[in-house]
Every structure is written in structure tokens, then in C-alpha cells.
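Got a protein on the screen and no idea where to begin? Let's walk through it together, one feature at a time.

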Amino acid sequence: MNILKNSFLSNVIAFATATILAVGSVSQVQAKGAANAKSIAADEDIRIVKVDDSNFEKEILHSKTPVILEFSSTSCPPCLVMIPTLIGIAKNYRDIKVASVGIDEPNIEKIKNTLPIQAFPTFFLIKDGQIVNRLVGVVKEEQLLQALDYTPKAVKPQAKKTAKKTGKDRNLVCKVNGQFHGLKNLVTISFVFGDTEIKNVDIVTDVFVPPEMSDKREEMMAHIRTSGKGEVTPTMAGFQMHIDNDCRFMKAMDMKRTSTYGEMRAGLELQGFKCE
């Protein structure tokens, strides 16, 4: 059935009289630097497509290769945990397209009407413009490939110069403004990179509670504590959620640790983060 294609095309017609669509986020990530692209790593050749209403039909419905389409939110720690896995698939399997929709991004109204999302991250596995499977939450690479029901051709590893071990850690801090259940927030994710792996991950989310909702703050904090997703402490402006490298929630996510500094930086910038 062509449910996905027909639904999206119907939304295209419904939006035909709307104002001109604003330019969305970067359309694709490509290490060799095409127009409107970001470099993931200078010595890699990786491509992840950033999707919005302007290129959904071309990149997803008319894709000549199977697609892993991710829906993510900047306020979703599991979405951040999945970035290394998606980078790995895009890097190692050229006959699979990895695409991403940021739910906090502009210019995605038609997509949201076509594919309503209730949880993040959500992955749609698509072939020939049709959804063949869907997965929700943190999943491993092999689960995504199995759900796609497709055996990809792995990229032959290229000979690389052995990285010189310096014994010095490298830090990366990335921030983004977003929303948490309708409230404004600031997400800060910090990494410590060793010579061969990500040694430490720390995610802090500052949620801003307006004065008119201050009586609901303790209730919201209690709900988060019950979920077990890290520590929650009150602040002058609202409350702060903290997920560190050793907390139960982070360990349960089982984050892939082999992505490089350059790959993680570009992966987060793809999601709208500003890094330093």
C-alpha cells in the first residue's frame, strides 16, 4: 500500500495555499562539504540527511535506497545516546540512507501530520516509499538493520594512519535551547574523549518554569524522580535534570562509545546544538 506516499501528498495539497516555507535546517551532512552541508569529520566520508517538508518527498518517498528515518528531540537524552549508532550506520553502510527529523525544528508541519509521533526517538524503516517497520527508544545497530529486513553491503574499511596516542583527554561541550513538555529549557551535553573512545558523558537540562506554573514544579520534579532518569534539583528559574556517566539511566542506554570527537560534534550540530 502507498499509505505513506498518499498521506504526505495529501498534506502537500492541503498546505499549498500556506505562506512560503521558511528555509529549514541543513539538508544533509557530508564530509566532503557540498553546499548546505556540514562536515562530520575531515578524514571521513559520511552522509546523514536532515529532512524537513521541503525535501521529504525527494529524500524519503523517492529514495532509491532503504531509509532509516529518525525522529528526535533535543530534550530527549535517548536521542543523544543514539547519535553514535546512526553515525556508524551512515559511515559503514552506503546502500542505506540515514535521515533525521528534528521535532524542534521549523518547516516540518506536513511531516508531523503525516507521521504523528508520540515518543522519542522513533525510527521508521522505509523501502520504496513505504513503511516496513517502526522502532521506539534506544536500539542497537543490529536491531535497526533487522527491522529494515535488509542485508546491507558493508563499506570496506580504508587504511588509516594509526592515531598517535597522546594520553590527553579532549573535551566537547554542546548546548541547545529547546522545550521540555512545553516549557523552555537549555540542554548542555559534555563529553570527554580519550584516544580511542568516549570516556565520559554528562547531560544537564535546565528547565525554566514560569511564575504562573511554580505551584506545579514539585509535582513535575517528583514525576521525573519516579522515572529514574537521573537527579533532579530545584533552581531559581525552575529545576535541573542531571544524567551523568555512571547513573543507572545512562548505563541502561548502553551508549556506543567509539565515535570520534569530530563525528559527535557534527552529529550534535545536526540536531541543532552549538558546540565548543
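What follows is a chat between a learner and a teacher about reading this predicted model.

Q: Let's start simple. How many helices and strands are there in the protein?
A: Start by counting the pieces. Here you have 8 helices and 13 strands. The protein has 276 residues, and 46% of them count as buried. On the outside, about 14,900 Å² is exposed, with carbon and sulfur atoms supplying 51% of that area.

Q: What share of the contacts comes from residues 24 or more positions apart?
A: The idea is to ask whether touching residues sit far apart along the chain. Take the contacts with a separation of 6 or more: 63% of them link residues at least 24 positions apart.

Q: Now the sheet. In what order do the strands of the open sheet of 6 strands come?
A: With a sheet, you read across it, strand by strand. This one goes 11-12-10-9-8-13, and the pairing is antiparallel. Then look at the ends: strand 11 (231–234) and strand 13 (274–275) are the edge strands, each pairing on one side only.

Q: Can we zoom in on one of those edges? How many bridges link strand 11 and strand 12?
A: Sure, go from the strand pair down to a residue pair. Strand 11 and strand 12 (residues 238–243) share 4 bridges and run antiparallel. Pick Glu231, which lies in strand 11. Across in strand 12, its bridge partner is His242.

Q: Which residues does Glu231 touch, leaving out those up to four places away in sequence?
A: Its list is Gln240, Met241 and His242. You can also compare sequence and space: Glu231 and Met221 are 10 residues apart in sequence, and their C-alpha atoms are 9.5 Å apart.

Q: And hairpins? How many residues lie between strand 6 and strand 7?
A: For a hairpin, look at the two strands and then at the turn. Strand 6 (residues 122–127) and strand 7 (residues 130–136) run antiparallel and are joined by 6 bridges. One facing pair is Phe124 and Arg134, the latter in strand 7. Between the strands come 2 residues, and Asp128 in the turn has a positive phi of about 50°.

Q: Why would I care about the sign of phi?
A: Most residues other than glycine have a negative phi, and most peptide bonds are trans. That gives you something to hunt for. Asp149 has a phi near 55°, and it lies in the loop between helix 5 (141–148) and strand 8. Asp254 also has a positive phi, about 55°, and is found in the loop between helix 7 (248–253) and helix 8.

Q: Are Asp149 and Asp254 buried or exposed?
A: Check the relative accessible area. Asp149 has 62%, so it is exposed, as that label needs over 50%. Asp254 has 46%, so it counts as partly exposed.

Q: Which residues does a cis peptide bond join?
A: For this you check omega. The cis bond joins Phe120 and Pro121, with omega about -10°. Pro121 lies in the loop between helix 4 (109–114) and strand 6.

Q: How many residues of helix 8 are buried?
A: Reading a helix means asking which parts are covered. An α-helix has 3.6 residues a turn, so residues three or four places apart point the same way. Helix 8 is mostly covered, with 7 of its 10 residues buried. Among them are Tyr261, Met264 and Leu268. After the helix comes Gly272, with a positive phi near 100°.

Q: What about holes inside? How many cavities of 30 Å³ or more are there?
A: There are 2, and the largest has a volume of about 50 Å³. Its lining includes Ile48, Glu70, Gly267 and Leu270. Helix 3 gives the largest share, 3 residues. By type, the lining splits into 5 nonpolar, 3 polar and 1 charged.

Q: And the largest pocket: how much space lies in it?
A: About 670 Å³. Of the 23 residues that line the pocket, Ser75, Cys76, Phe180, His181 and Lys229 are the closest to its centre. Helix 6 gives the most to the lining, with 4 residues. Sort the lining by type and you get 12 nonpolar, 9 polar and 2 charged.

Definitions and conventions. Residues are numbered from 1 along each chain as its sequence is written. This is a predicted model: local features need pLDDT of at least 70, side-chain atom pairs count only at pLDDT 80 or more; totals for chains, interfaces and linings use all residues. Side-chain values use heavy atoms; hydrogens and water are left out. Two strands pair if DSSP finds at least two bridges between them. On a 1 Å grid over the protein atoms alone, a cavity is a set of points where a 1.4 Å probe fits but cannot get out, and a pocket is an open set with protein on both sides within 12 Å along at least five of seven lines; lining residues have an atom within 4 Å of a point. Grid points are joined across faces, edges and corners, and a volume is the space filled by probe spheres set on the points. Ala, Val, Leu, Ile, Met, Phe, Trp, Tyr, Cys and Pro count as nonpolar, Asp, Glu, Lys and Arg as charged, and the others, Gly among them, as polar. Buried means under 20% relative accessible area, exposed over 50%, partly exposed in between (1.4 Å probe, protein chains only). Contact means heavy atoms within 4.5 Å. Accessible areas come from the Shrake-Rupley method with a 1.4 Å probe; for residues, only the protein chains shown count as cover.
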